[in-house]
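This report looks at selected cysteines, ionic pairs and one buried serine environment in the structure shown below.

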Amino acid sequence: MRVLILGATGGIGVLLVERAVADGHTVVVYARSPEKLPQELRDSSQVIIRKGQLTDAESLSDALQDVDAVLSALGPAVSRGPFHPKGEPLAHAYSLLISLMKERGVTGLIALGTPSIKDPKDKFSLTMSTIVTGVSTFANAAYRDVVAIGETICREGDTLDWTIARVPLLSSGSSESFVVGYVGDGQTTTCLTRIAFVAFVLQELVKKEWVKARPLVTSP
């Protein structure tokens with residue numbers, strides 16, 4: 001497949017590009033600073049670099065040409081959580097993205113989310129509730145943007161085959177094992193390795209088992 005990856009120069013994004021290339025996909029990287037991508041990926045014949053801002057409709061539309069699906073690792077940086085800009089900039093970027101996807105006929109979208117985005121299938125979990133409350137309290141602008149991302153995709157992505165892969169606390173471990181469910185279901189936990197998130201995304205890209213769903217993806 002030909003996939004557009006957003007957030008490709010971040011910690012998760014680089015792993016996503018690497019694994020997508022390894023799986024044989026053609027990857028379009030749309031980034032503000034593509035030079036941050038490792039040299040070996042920039043030199044790959046399977047990687048196409050498109051430089052641009054998330055607010056640049058023309059450049060983003062060009063990057064979507066002939067794309068089968070969008071894989072997004074966009075999200076507030078943990079280290080900048082308390083300093084995340086107000087006004088839900090990422091949610092606005094998703095709104096533009098969805099509009100352009102519809103124009104281009106691109107239907108697949110797998111987006112990074114967190115448990116701050118609620119789902120009717122969630123059950124009460126004291127641990128998860130404490131984590132979400134902490135984020136809301138100490139990084140409120142980031143929290144509001146993530147919530148708005150979920151609302152935007154659900155509201156405006158009516159004709160898309162979208163999946164919001166909600167993740168808990170991320171780590172840099174090597175395990176690719178994951179379980180998929182909902183908050184408080186007795187099988188999901190409060191952690192996940194970045195590479196396991198990547199494994200879920202690329203599996204979902206092919207299998208499409210969670211279309212128009214907001215599953216929680218965690219370590220077993």
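Cys-191 is partly exposed in this predicted model, its relative accessible area being 38%. Cys-154 likewise falls into the partly exposed class, at a relative accessibility of 28%. A disulfide is a covalent bond between the sulfur atoms of two cysteines. A search of the whole structure finds zero disulfides, so neither Cys-154 nor Cys-191 takes part in a bond of this kind, given that a pair of cysteine sulfur atoms would have to lie within 2.5 Å.

Cys-191 also appears among the contacts of Ser-219, which touches Ser-177, Val-179, Thr-189, Cys-191, Leu-192 and Thr-193 when residues up to four places away in sequence are not counted. Ser-219 itself lies in the segment that follows strand β10 (216-218). With a relative accessible area of 14%, Ser-219 is buried, because this value is under the 20% cut-off.

How many salt bridges does the structure hold? There are seven salt bridges in the structure, and three of the pairs are described here, with the distances between their N and O atoms set out in the table.

| Acidic residue | Basic residue | N to O distance |
|---|---|---|
| Glu-176 | Arg-19 | 2.9 Å |
| Asp-158 | Lys-102 | 2.9 Å |
| Asp-119 | Arg-214 | 3.0 Å |

Glu-176 forms a salt bridge with Arg-19. Because Glu-176 sits in the loop between β7 (169-171) and β8 (179-181), whereas Arg-19 belongs to helix α1 (residues 11-22), the pair ties together parts of the chain that are 157 residues apart in sequence. Both partners are partly exposed, Glu-176 with a relative accessible area of 37% and Arg-19 at 23% relative accessibility.

A salt bridge also joins Asp-158 to Lys-102. This pair links distant parts of the chain, 56 residues apart, with Asp-158 in the loop between α6 (140-156) and β6 (161-166) and Lys-102 in helix α4 (residues 89-104). Asp-158 is partly exposed, with a relative accessible area of 48%, and Lys-102 is counted as partly exposed as well, at 39% relative accessibility.

The side chains of Asp-119 and Arg-214 likewise meet in a salt bridge. Here the connection runs between two loops, since Asp-119 is placed between β5 (108-113) and α5 (126-138) while Arg-214 is placed between α7 (194-207) and β10, and the two residues are 95 residues apart. Is Asp-119 buried or exposed? At 9% relative accessibility, Asp-119 counts as buried, because the value is under 20%.

Notes: Residues are numbered from 1 along each chain as its sequence is written. This is a predicted model: local features need pLDDT of at least 70, side-chain atom pairs count only at pLDDT 80 or more; totals for chains, interfaces and linings use all residues. Side-chain values use heavy atoms; hydrogens and water are left out. Helices (H or I, at least four residues) and strands (E, at least two) are DSSP runs, numbered from the N terminus. Buried means under 20% relative accessible area, exposed over 50%, partly exposed in between (1.4 Å probe, protein chains only). Contact means heavy atoms within 4.5 Å. A salt bridge is a side-chain nitrogen of Lys or Arg within 4 Å of a carboxyl oxygen of Asp or Glu.
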